[in-house]
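Please work through the following exercises with the sequence and the structure at hand. Attempt each task before reading its solution.

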Amino acid sequence: MNIEIIGVWESQYEGLKKNRVTATLTPYYLAALLPSDVNVTVRDEQVRPVDYNIDVDLVAITFLISNAPHAYEIADRFHKRGTPVIMGGFHASFLPEEDLEHADAVVIGEAEDVFPEVIEDLKHGSLKRIYKSTKLHPLKGLPVPRYDLIEKDFILNHPVQATRGCPFKCKFCSVVSLYPGLRVRPIDEVIRDITCFEGRNYLQNKMVVFMDNNLIANKRYAKELFRKMLPLKKWWASQLSIDMAKDKELMRLAAKSGCVSVYIGIESFSQESLKNIGKHQNKVSDYKNAIKTFHEYGIYVQGSLIIGFDEDTLESISKIPNIIQELGIDIPYLHILTPFYGTELFDRLNREKRILTKDWSRYNFLNAVFRPKNMSVDELHSSHLEIWKEMHSVSKAFGRTFKNLPFPISRFSSFLWKFLDNGYFLSQNLMGKYPLVGESGKENICTTKSTEDVFTIGGLEKTLKSGFQKQL
Ligand code: SF4
């Protein structure tokens, strides 16, 4: 039996045809879940276009919510050729009925428990329409991802996951909507995934990218993991929360175990916005000291920022580029607030009749898919572009790159990443390769409400919205 797993991707920048920086984990992890008698291949659109001429028994498509329309195109083309298609991930879990218009089957929830059943049914020609995981997997005994299938084109191709979920409850976050709470993998199994990898060059062998939502959410676990990583002499990067800076032992162990950079959801410089969005762990007054602490340990800070909160005004968001410099954020990422389906934020904006479109391709952090409070949609779009250009101007990029020097010489790796990241975005800016703000899809006003079905995962009542498309 032959199965092709497709990781869907679409460019978010003008002229960017590939994204070779980091391989994602999901397709290679799904491949590892398949029995050994299945011949599996992976096609990652970040580096290679889909081949519609392949002869396989099943195409499995995994995609982000914003890639849903593109995933549908892919599914439809395989469908026309008579190849069965199964879809999974956040979108399929929240809107299975919509996905089933394009796929033969969908996986709702996590794949671990239901994938063996999918394969058995496929072997017997009796694929069901819906495979629903009814509990959260304990994450024990997971296989090593199929690293051997990762395209060699990636610069960094060693993704690892140690934890899944997050204990916080930010109202815009789809992670906590689908995977409530935090689960951790056995540390020995994480170390196994780190050590059993063979890259093709020094950097690939050296650098591990954790695909966790918040690697240090369980601090005791994180410390133990970092202790076990000490002898491995790796470099690593991860997304994690800013409260890490308060725990000096955690900072020391992270740095010693090879932490090069952290991606932190700073989100806003307005405490009111943070409060209203449920990001209580972020204290604006602590930002500067927290970032300074990361720098003292030689760790480079990537900061995610969001505009479009109800408290934002054109004047307040215009100050963002200067505040970034003052705080010492090493590389900023700017997003437009995006109310993903299934989140508290979506429900609120939907109740307030402010959701503007059901075109999921626009739910990509680059489009105002809701009516902002203190500015128009066009103003939010143009502000994003102006702020992005200023953030990545020559003076700001150089200012960030050579600020907070010298890192300890032993932390040269952190400086290297900071230099490369700032240089990359500066060159994009100078070449006019801007983010594709406000350009995907067409506006489609949504005026009706969604319905709610209730289902249970791991004893927790969760709400799965269905019939949304019909309602629209
Ligand atoms: S801290 Fe990050 S992962 Fe956790 S709930 Fe908030 S946005 Fe989601």
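The exercises below concern a predicted model.

**Exercise 1. The sheet that contains β1**

Task: Determine in which order the six strands of the open sheet with β1 are arranged, and which strands stand at its edges.

Solution.
Step 1. The order of the strands is β2-β1-β3-β4-β5-β6, and their pairing is parallel.
Step 2. The edges are formed by β2 (39–44) and β6 (130–132); each has a single partner strand, so one side of each is left without a neighbour in the sheet.
Step 3. From one strand to the next, the twist averages 20°.
Step 4. Strands of a sheet pair through backbone hydrogen bonds, in either a parallel or an antiparallel manner.

**Exercise 2. Pairing inside this sheet**

Task: State how many bridges join β1 to β2, and find the residue of β3 that stands opposite E4.

Solution.
Step 1. Strand β1 (residues 2–7) is joined to β2 by six bridges, and the two run parallel. One pair to locate is N2, which stands opposite N39 in β2.
Step 2. Five bridges connect β1 with β3, again in parallel. Here E4 faces V59 of β3.
Step 3. Between β3 and β4 there are four bridges, with the strands running parallel. The bridge partner of A60 in β4 is I86.

**Exercise 3. The surroundings of β3**

Task: Decide whether the residues of β3 are buried or exposed, and name the strands that helices α1 and α5 meet.

Solution.
Step 1. Residues under 20% relative accessible area count as buried. By this criterion, five of the five residues of β3 are buried.
Step 2. Both faces of the strand are covered: L58, A60 and T62 lie on one side, while V59 and I61 lie on the other.
Step 3. Helix α1 (residues 26–33) packs on the sheet and touches β1, β2 and β3 (58–62). The direction of α1 makes about 175° with that of β2.
Step 4. Helix α5 (residues 115–123) lies across β1, β3, β4 (85–88) and β6, and runs at about 155° to β6.

**Exercise 4. The arginine R43**

Task: Establish where R43 is placed, and which backbone oxygen lies 2.9 Å from a polar atom of its side chain.

Solution.
Step 1. R43 belongs to strand β2.
Step 2. The relative accessibility of R43 is 17%, so this residue counts as buried.
Step 3. The backbone oxygen of P49 lies 2.9 Å from a polar atom of the R43 side chain.
Step 4. Leaving aside residues up to four places away in sequence, R43 touches E4, I5, I6, G7, R48, P49, V50 and D51.

**Exercise 5. The sheet that contains β14**

Task: Give the strand order of the open sheet that includes β7 and β14, and describe how β14 is covered.

Solution.
Step 1. Six strands are arranged in the order β7-β10-β11-β12-β13-β14, with parallel pairing.
Step 2. Both β7 and β14 are edge strands with a single partner strand each, so one side of each is left without a neighbour in the sheet.
Step 3. At one edge, two bridges join β7 to β10, and V160 stands opposite F210 in β10.
Step 4. At the other edge, six bridges join β13 (residues 300–307) to β14; in β14, P332 is the bridge partner of G303.
Step 5. Strand β14 (residues 331–336) is mostly covered, since six of its six residues are buried. I331, Y333 and H335 point one way, whereas P332, L334 and I336 point the other way.

**Exercise 6. A helix and its buried residues**

Task: List the residues of α7 that are buried, and identify what they pack against.

Solution.
Step 1. In helix α7 (residues 187–195), the buried residues are I187, E189, V190, I191, D193 and I194.
Step 2. These residues pack against β7 (159–160), β10 (207–210) and α9 (219–229).
Step 3. In an α-helix there are 3.6 residues a turn, so residues three or four places apart point the same way.

**Exercise 7. The shell around the ligand**

Task: Name the residues that surround the ligand and sort the shell by class.

Solution.
Step 1. The ligand is surrounded by C166, F168, C170, F172, C173, V176, N213, K279 and Q281.
Step 2. By class, this shell has six nonpolar, two polar and one charged residues.

**Exercise 8. Positive phi angles**

Task: Compare where E267 and K353 are found, and decide whether each is buried or partly exposed.

Solution.
Step 1. E267 has a positive phi of about 70° although it is not a glycine; for K353, likewise not a glycine, the positive phi is about 55°.
Step 2. E267 is found in strand β12 (residues 259–267), whereas K353 is in the loop between α15 (344–351) and α16 (377–391).
Step 3. With a relative accessible area of 5%, E267 is buried; at 48% relative accessibility, K353 counts as partly exposed.

Key: Residues are numbered from 1 along each chain as its sequence is written. This is a predicted model: local features need pLDDT of at least 70, side-chain atom pairs count only at pLDDT 80 or more; totals for chains, interfaces and linings use all residues. Side-chain values use heavy atoms; hydrogens and water are left out. Two strands pair if DSSP finds at least two bridges between them. Axes are lines fitted to C-alpha atoms, for helices over the stretch in contact, and angles run from 0 to 180 degrees between N-to-C directions. Contact means heavy atoms within 4.5 Å. Buried means under 20% relative accessible area, exposed over 50%, partly exposed in between (1.4 Å probe, protein chains only). A residue is near a molecule or strand if one of its heavy atoms lies within 4 Å of it. Ala, Val, Leu, Ile, Met, Phe, Trp, Tyr, Cys and Pro count as nonpolar, Asp, Glu, Lys and Arg as charged, and the others, Gly among them, as polar. A polar contact is a pair of N or O atoms within 3.5 Å; within protein, one must be able to donate a hydrogen and the other to accept it, and residues adjacent in sequence count only if both atoms are side-chain atoms.
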